[in-house]
Amino acid sequence: ITDDPETQGTGKFQIEINGEWAMDKENSVVGTTRETGTQAAAIFSAGVRENIDLVLTTPYQWVEVRDQAGRAREDGIGDTVFEIKWRFFERSGWSFGLKPGVIIPTGNDEKGLGAGKVGYSASLISQMEREPWEFLVNLGYVRNENRLDERQDLWYASLAIEYEIVEGLELVGDIGIGTNTDKGPATDPAFLIVGLVYEVQESVDFALGVKYGLNEPETDLTVLPGVTYRF
């Protein structure tokens, strides 16, 4: 989840196909609610300058909720995100970037697949490289304009550590917290991810991670496979 400030370079491109399978269970006085969700997201990055990328993300979602009343299922395209990544500093293993974005309401908010309004986001991305280690920190804000009666001003912070086990194989740890979208007093959801990234060749990576919810508001368990192709 934590991004890095690296860019593709002028005239170069990257396609990421990321998957997500999530399971969350909540117990209450009226019974147990179990929600499962699957998402496939295509992320296209185009290098317009050595330090500037244009990034377009389009997800497709499948959601199922089971409770004492029965089962409900929805699926469809989610909200599309258009971002600009600008790496504005790079020296002695340190690099910093900014990533502003626009959230386009392509998802159906009546089905719970989108916000229903145009939103905005911005994040500050930092990276420190000390082989075989890499340290990444993200700080971000999302203006969550929506028709779902959710909180509009969302903040998040995350930290990732990458360790190269052998050439081409990295162990990754990622931890973060973000504002709860529920209005009123609420615990902010926090997560922990552990995973591996394998560079098959210079242009192709495979990744697999497992995300754990560290508190009640966060999704209990999420499996995160992905593949990246650069050209």
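A residue counts as partly exposed when its relative accessible area falls between the cut-offs of under 20% for buried and over 50% for exposed. With that in hand, here are my notes on this predicted model.

1. **A stacked pair with W133.** By that scale W133 is partly exposed, with a relative accessible area of 38%. Its partner F135 is partly exposed too, at 30%. The rings of W133 and F135 form a stacked aromatic pair, 6.2 Å from centre to centre and with 15 degrees between the planes.

2. **A pair across the chain.** Eleven aromatic pairs turn up in a search of the whole structure. One of them is F13 with F231: the ring centres lie 5.5 Å apart and the planes meet at 25 degrees, so this pair is stacked. It connects distant parts of the chain, since F13 sits in strand β1 (residues 13–28) while F231 belongs to the segment after β13 (221–230), 218 residues apart. F13 is partly exposed at 29% relative accessibility, and F231 is partly exposed at 43%.

3. **An aromatic cluster.** You may enjoy looking at W86, F88, F89, W94 and F96, which form one aromatic cluster.

4. **Salt bridges, one by one.** The structure has twelve salt bridges. Among them, E64 and R71 meet at 3.8 Å, N to O; here E64 is buried at 13% relative accessibility, whereas R71 is exposed at 53%. In the bridge between E90 and R87, the closest N and O atoms are 3.1 Å apart. There the glutamate, E90, is exposed at 55%, and the arginine, R87, is buried at 16%.

5. **One more bridge, and a network.** R143 and E145 join their side chains in a salt bridge of 2.9 Å, N to O. R143 is partly exposed, with a relative accessible area of 23%, and E145 is buried at 19%. Elsewhere, salt bridges with shared partners tie D3, E83, K85 and K99 into one network.

6. **A negative patch.** Which glutamates gather in a patch of negative charge on the surface? They are E6, E129, E131, E164, E167, E199 and E202. Of this group, E167 can be placed in the loop between β9 (153–166) and β10 (169–178). E167 is exposed because its relative accessible area is 77%, and the cut-off for that class is over 50%.

7. **A cis peptide bond.** Most residues other than glycine have a negative phi, and most peptide bonds are trans. That makes a good backdrop for this point and the next. E131, a member of the negative patch, is joined to P132 by a cis peptide bond, with omega at about 5 degrees. P132 lies in the loop between β7 (119–130) and β8 (133–143).

8. **Two positive phi angles.** Where is S92, a residue with a positive phi although it is not a glycine? S92 is in the loop between β5 (80–91) and β6 (94–104), and its phi is about 50 degrees. D149 also has a positive phi without being a glycine, at about 60 degrees, and is found in the loop between β8 and β9. As for their surroundings, S92 is exposed at 60% relative accessibility, and D149 is exposed at 58%.

Terms used
Residues numbered from 1 in each chain as written. Predicted model: local features only at pLDDT ≥ 70, side-chain atom pairs only at ≥ 80, totals over all residues. Heavy atoms only, no water. Patch = residues over 30% accessible without salt bridge, like charges linked within 9 Å, V, L, I, M, F, W, Y side chains within 5 Å. Areas by Shrake-Rupley, 256 points an atom, 1.4 Å probe, with all protein chains shown as cover. Salt bridge = Lys/Arg side-chain N within 4 Å of Asp/Glu carboxyl O. Lys, Arg positive; Asp, Glu negative; His and termini not counted. Charge placed at Lys NZ, Arg CZ, Asp CG, Glu CD. Helix = DSSP H or I, 4+ residues; strand = E, 2+ residues; numbered from the N terminus. Buried < 20%, exposed > 50% of the residue type's maximum accessible area, 1.4 Å probe, protein only. Phe/Tyr/Trp six-rings, centres within 6.5 Å; stacked < 30°, edge-to-face > 60°.
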